[in-house]
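Welcome, and thanks for taking a look at this chain with me. Please have the sequence and the model open side by side as you read.

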Amino acid sequence: MATAQILFHRFFYCKSFVRYCAETVAMACLQLASKIEEEPRRVRDVLNVFHHLRDAAGDRCRGPMLLDDSYVSRKSDVIKAERRVLKELGFCVHVRHPHKVIVMYLQVLECEKNTRLLQLSWNYMNDSLRTDVFLRFSAETVACACIFLSARVLQIPLPDRPPWFLLFGASEEDLKEISGCVVRLYTLQCESLAALLQTVEEMRSVLDAQYNSSKHAGLVSGTETPTDGFSPASKAASPAENQKNHDSPLSRLALKNACRKITRDGRKRLSRSDERRCDRCVPSPPRRRRSRSVSSPSPGHTHSHRQRRSERERARRKPNSTHRR
């Protein structure tokens, strides 16, 4: 749950809720989090859970999704959204959770036996997942802020000479800012999901109308990929336009033939330096690597080899013949 929420915040920290469906991205983040935490679930299960929650909120009859065309399209949207989340995050999906850090810090402060302090800090930690504090601060700083806020609420004194949070690398300004974000969360008014979706749909229609008007006016090219999909934008120019035209090897051959013709006709012969300059001006064609083959030995080399071999055999037989005599 915590991993999916942090991935959701990371994605919409740089993307708009108007252009991307929040419910589809939420399903994609939950599907991706199940793989990251090594508790994989099927896309079918995720779709059924969200469908059940939607029916429960609208007081409808609860039942699984039908395997029709809408299910297939929705499943495809979730898979595309998961790929889009991975692309936007640069496949950096490592998440550090501060839940274990809270227990360790309370053990250092010798307050682990205070169950009320531990439980309240844990609750503040879960509620802070609805804010963006995990994107702006480290997990250790958020853990210190939850302990700081819980101790203030329960009126439990903690060491202040020197302050206890300096031991864990946190500052008082960061703790107060995180605590303020968590406290403001409880003062927000609860909005209905239907009203929020209707507001987002109205803003989306306004943006689409602006895009279409600018497209008809010629301010936007017709080949531009719309931003509401999950496919990456196409390139404006093809790579073939940037390729340079190289001279044909026939030009170099024609230049050499001209040099030979000049020498045959008895005219001024080009020096070696001039020929080198011509070779530098005209690029030479790429050479092909020839396969190396074992060359057959020459007849003279073969004859000398046989003669040496016969002399060695005679030298070996000579001591045997003297011994017999």
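What follows is a short report on the fold, the salt bridges, the cysteines and a few local details.

This is a predicted model, so to speak of a local feature a pLDDT of at least 70 is needed, side-chain atom pairs count only at pLDDT 80 or more, and totals for chains, interfaces and linings use all residues. Residues are numbered from 1 along each chain as its sequence is written, and side-chain values use heavy atoms, with hydrogens and water left out.

**Overall fold**

The chain has 13 helices and zero strands; helices (H or I, at least four residues) and strands (E, at least two) are DSSP runs, numbered from the N terminus. Of its 325 residues, 26% count as buried, where buried means under 20% relative accessible area, exposed over 50%, and partly exposed in between (1.4 Å probe, protein chains only). About 24900 Å² of the chain is exposed, and carbon and sulfur atoms supply 52% of that area; accessible areas come from the Shrake-Rupley method with a 1.4 Å probe, and for residues only the protein chains shown count as cover. Contacts (heavy atoms within 4.5 Å) are also informative: among those with a separation of 6 or more, 68% join residues 24 or more positions apart.

**Salt bridges**

How many salt bridges are there by the rule used here? The count comes to twelve, a salt bridge being a side-chain nitrogen of Lys or Arg within 4 Å of a carboxyl oxygen of Asp or Glu. Three of these pairs are included in the table.

| Pair | N to O distance |
|---|---|
| Asp-208 and Arg-19 | 2.9 Å |
| Glu-88 and Arg-84 | 3.2 Å |
| Glu-140 and Arg-96 | 2.3 Å |

Asp-208 sits in helix α10 (residues 193-217) and Arg-19 in the loop between α1 (2-12) and α2, so their bridge ties together parts that are 189 residues apart in sequence. Asp-208 is partly exposed, at a relative accessible area of 29%.

Glu-88 and Arg-84 are four residues apart in helix α4 (residues 69-88), which means that about one helical turn separates them. Arg-84 is buried at 9% relative accessibility, whereas Glu-88 is partly exposed at 26%. Both belong to a network of salt bridges with Lys-15.

The bridge between Glu-140 and Arg-96 links distant parts of the chain, with Glu-140 in helix α8 and Arg-96 in the loop between α4 and α5, 44 residues apart. Arg-96 is exposed, with a relative accessible area of 52%.

**Helix α8 and the cysteines**

Helix α8 (residues 139-154) has 16 residues and should span 22 Å at 1.5 Å a residue; its end C-alpha atoms are 23 Å apart, which agrees. The expected span is 1.5 Å times one less than the number of residues. Of the 16 residues in α8, 13 are buried. Just after this helix, Gln-155 takes a positive phi of about 55°.

The whole structure holds zero disulfides, a disulfide being a pair of cysteine sulfur atoms within 2.5 Å. Cys-144 is in no disulfide, and the nearest cysteine sulfur, that of Cys-146, is 9.3 Å away. Is Cys-144 buried or exposed? Cys-144 is buried, at 0% relative accessible area, while Cys-92 is partly exposed at 48%.

**Two local details**

Ser-34 lies in helix α2 (residues 22-36) and is buried at 11% relative accessibility. Leaving aside neighbours within four places in sequence, Ser-34 is in contact with Glu-39, Pro-40 and Arg-41.
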